[in-house]
Amino acid sequence: MLAREVLEELVQVLGRENVLTEQEDLLTYAYDATAAMKHHKPDVVVAPLSTEQVADVVKIAMRYHVPIYPRGSGTNLSGGTIPVEGGIVLSMLNLNKILEVDQDNLTATVQPGVIIQALNDEAAKHGLLYPPDPGTVTTATMGGSVSECSGGLRGLKYGVTKHYIMGLQLVLANGEVIRWGGKTVKNVTGYDLVALFTGAEGTLGIITEIIVKLIPAPEARKSILAIFDDVDKAGRAIASIIRNKVIPATLEIMDNVTIQTVEEFVHAGLPLDAVAVLLCEVDGYKEVVQREAILVERILKEEGAVQVKIAKDDKERDLLWLARRSALPSLAKKRPTTVLEDATVPRSKIPDMLKAIRRIATKHNLQIATFGHAGDGNLHPTILTDERDTEEMKRVHLAVDEIFQVAISLGGTLSGEHGIGIAKMKFLDWEFGEAGVAALRHIKEALDPNYILNPGKIVRRD
């Protein structure tokens, strides 16, 4: 329980309407989108209206040594916003303004509560695009996306969130407000602290303003569906497309379990008997798009695709991508619990990773559906289970361990876009070793020595 003085000071700073203490409100913030994760209620939820109020809340938390957990829409998949030590949840949803779209410098300045799709809708009015597009693009906030360094379907050609963050305004653990970066194309002054705070999951500072890079929206695009009777052929086709110097905007894979589930949900015309499908989109100037679409079609057929279809219009294209974006919500209807993982390997190792996932599923007698951003090596093996079945959940945890062991052995990483949070802390030694994890802890303690900001995520105290 928080001391009465803490609540009184929060109300004084924010107003009673922006300080929530009712149990039903607190329960809403006890979890995020991560499956099979223990819930933890905060002691209070606050919703500041300005950077100054954020700083005031942090100063209160610092004085009383109360943990504070910044939160956007709560769509993250690593337990990154769960208040594991109680304390204060800092909802950033009131800081939701697009402050500027600067056409001369190709930038936008936004507050952290802005929904990603809202930014892209505004940028589109000026013929511009903000490329990062996580699957939750219509609900996820910019602050959460920057904190988790989220990826998305366009990661192969355009990169992930960190490639578009030019400047940040932050509140540090001592309540000081600082700015790093800006609109300049070149900025190599001092340490790259913008990069440090991007993907830090709110453990080093609280983001209150973001400057992002925009790009001209592509003139044309073509979407291609390739149907395979063998997953390994699909994996080889991915490597072959890249080897032929075509970099699609998007290159996605869905296995048979995912296909059947999505088709039942969306009715996009996906072939129910396909072992796997690839969804590819090329974009750019019309002439280039036309040439690349023909080349990709030829490569897919040469690599063993049973059938290749090019979407004839935007309606058909949009239906294909609706099917892909519906993969997780569709699979969530199959069993009570969906454990979605984020194993990422060099794209040349995709066939090996796909084989390993199938082997692990058989070994542990589990149903694992696999989809993901195959073009950039980021797969989402999704275990369909029921967290109430304790015996099955033991096998689930063993399977997850093995999936990440294989990913790292193939030269991969623990996360391509979901972050570490609570869910993957125990695996960090595998990737970085003890010295690497110690270095992460040193950074945390230099900026937040009292472990006030989002404690229990990425690294714990010694």
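This report describes the domains of a predicted model, then one helix pair and one contact between domains.

The protein is divided into four parts by an automatic or database domain assignment, and their bounds are listed in the table below.

| Domain | Residues |
|---|---|
| domain 1 | 4-91 |
| domain 2 | 98-216 |
| domain 3 | 218-325 |
| domain 4 | 335-433 |

Near the beginning of the numbering, helix H1, which covers residues 4-14, packs with helix H3, which covers residues 51-64, at an angle of about 170°, and their axes are 10 Å apart. Because angles over 145 degrees count as roughly antiparallel, H1 is described as roughly antiparallel to H3. The crossing of these two helices, H1 and H3, is right-handed. On the side of H1 the contact is made by Glu5, Val6, Glu9, Leu10, Val13 and Leu14, while H3 brings Gln53, Asp56, Val57, Ile60, Arg63 and Tyr64 to the contact. Sorted by class, the residues in this contact of H1 with H3 are seven nonpolar, one polar and four charged.

The second contact joins domain 1 and domain 4, whose C-alpha centres lie 30 Å apart. Nine residues from domain 1 and twelve residues from domain 4 take part in this contact. The size of an interface is often given as the accessible area lost when the parts come together. Between domain 1 and domain 4 the buried area is about 740 Å², and carbon and sulfur atoms give 72% of that area. Of the area that domain 1 buries against domain 4, 63% is supplied by Ala36, Leu77 and Ser78, which is more than any other three residues supply.

Key. Residues are numbered from 1 along each chain as its sequence is written. This is a predicted model: local features need pLDDT of at least 70, side-chain atom pairs count only at pLDDT 80 or more; totals for chains, interfaces and linings use all residues. Side-chain values use heavy atoms; hydrogens and water are left out. Axes are lines fitted to C-alpha atoms, for helices over the stretch in contact, and angles run from 0 to 180 degrees between N-to-C directions. Helices (H or I, at least four residues) and strands (E, at least two) are DSSP runs, numbered from the N terminus. Angles under 35 degrees count as roughly parallel, over 145 as roughly antiparallel, 65 to 115 as roughly perpendicular and the rest as oblique. A crossing is left-handed if the near helix is turned anticlockwise from the far one by less than a right angle, and right-handed if clockwise. Contact means heavy atoms within 4.5 Å. Ala, Val, Leu, Ile, Met, Phe, Trp, Tyr, Cys and Pro count as nonpolar, Asp, Glu, Lys and Arg as charged, and the others, Gly among them, as polar. Buried area is the accessible area (1.4 Å probe) that two parts lose on being put together, summed over both.
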